[in-house]
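Visitor: I should like to understand how the descriptive terms applied to this structure are justified. Please take me through the reasoning term by term.

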Amino acid sequence: MHVHKRSNKGQPYAESGIPIYWMINLANRQIEVHTDPEPNVNPPAYRNRRDDTHGDALSLTLDGAVVDNIFVAKLSV
């Protein structure tokens with residue numbers, strides 16, 4: 001398996017003030033949930049990060065309504 005060095009891919013999202021940013025980390029079979037953007041720091045970043053793993057499910061919410069659930073255990077490499 002080829003592993004890429006991580007860069008801060010969330011910077012443009014934080015800079016734009018996008019409230020939640022998910023990174024799918026297949027190598028570690030987790031979803032990293034970044035929240036609370038700080039667009040005015042240098043570099044822009046998210047204040048909080050939560051890692052959801054095998055037994056977790058995340059609710060996909062659009063316009064305030066849950067439209068689906070994503071189960072981390074179903075991620076595959």
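Guide: Let us begin with a definition: a residue is called buried when its relative accessible area is under 20%, exposed when that area is over 50%, and partly exposed in between. His34 has a relative accessible area of 13%, so His34 is buried. Please note that this is a predicted model.

Visitor: Where is His34 found, and with which residues is His34 in contact?

Guide: His34 is found in strand β2. Contact requires heavy atoms within 4.5 Å. Leaving aside neighbours within four places in sequence, the residues in contact with His34 are Pro19, Ile20, Tyr21, Tyr46, Asn48 and Arg49.

Visitor: What is the secondary structure of the protein chain?

Guide: The protein chain has 1 helix and 5 strands, and along the sequence they follow the pattern α-β-β-β-β-β. Of its 77 residues, 22% are buried.

Visitor: What makes β1 and β2 a pair of strands?

Guide: Two strands pair if there are at least two bridges between them. Strand β1, residues 20-25, is joined to strand β2, residues 30-38, by 6 bridges, so the criterion is met. The two strands run antiparallel, and Met23 stands opposite Glu32 in β2. They form a hairpin with 4 residues between them.

Visitor: How do you know that β2 also pairs with β3?

Guide: The same test of at least two bridges applies. Between β2 and β3 there are 7 bridges, so these strands pair as well, and they run antiparallel. Within this pairing, the bridge partner of Val33 is Arg50 in β3.

Visitor: In what order do the 3 strands of the open sheet lie, and which are the edge strands?

Guide: The order is β1-β2-β3, with antiparallel pairing. The edge strands are β1 and β3, each of which pairs on one side only. Neighbouring strands of this sheet are turned by 25 degrees against each other on average, direction ignored.

Visitor: Which residues form the covered face of strand β1, and which the uncovered one?

Guide: Tyr21, Met23 and Asn25 form the covered face of β1, whereas Ile20, Trp22 and Ile24 form the uncovered one. In a regular strand the side chains alternate between the two faces of the sheet.

Visitor: Why is the contact between Glu32 and Arg49 called a salt bridge?

Guide: The term requires a side-chain nitrogen of Lys or Arg within 4 Å of a carboxyl oxygen of Asp or Glu. The N to O distance for Glu32 and Arg49 is 3.3 Å, so the pair qualifies. Glu32 lies in strand β2 and Arg49 in strand β3, 17 residues apart. Glu32 has a relative accessible area of 0% and is therefore buried, whereas Arg49, at 48%, is partly exposed.

Visitor: What makes Glu32, Arg49 and Asp51 a network?

Guide: These three residues are linked by salt bridges. Besides the salt bridge with Glu32, Arg49 forms one with Asp51, where the closest N and O atoms are 2.8 Å apart. That distance is within 4 Å, so this pair also meets the definition. Asp51 is partly exposed because its relative accessibility of 34% falls between the two limits.

Visitor: How do you know that Arg47 and Asp36 form a salt bridge?

Guide: Their side chains meet at 2.8 Å, N to O, and the limit is 4 Å. Arg47 lies in strand β3 and Asp36 in strand β2, so the pair ties together parts that are 11 residues apart in sequence. Both count as partly exposed, since Arg47 has a relative accessible area of 45% and Asp36 one of 33%. By this rule the count comes to 5 salt bridges.

Visitor: What is the value of phi for Arg29 and for Asp63, and where do these residues lie?

Guide: Arg29 has a positive phi of about 50 degrees although it is not a glycine, and Arg29 is found in the loop between β1 and β2. Phi of Asp63, likewise not a glycine, is near 55 degrees; Asp63 lies in the loop between β4 and β5.

Visitor: Why is Asp63 called exposed and Arg29 partly exposed?

Guide: Asp63 has a relative accessible area of 86%, which is over 50%, so Asp63 is exposed. Arg29, at 33%, lies between 20% and 50% and therefore counts as partly exposed.

Definitions and conventions:
Residues are numbered from 1 along each chain as its sequence is written. This is a predicted model: local features need pLDDT of at least 70, side-chain atom pairs count only at pLDDT 80 or more; totals for chains, interfaces and linings use all residues. Side-chain values use heavy atoms; hydrogens and water are left out. Buried means under 20% relative accessible area, exposed over 50%, partly exposed in between (1.4 Å probe, protein chains only). Axes are lines fitted to C-alpha atoms, for helices over the stretch in contact, and angles run from 0 to 180 degrees between N-to-C directions.
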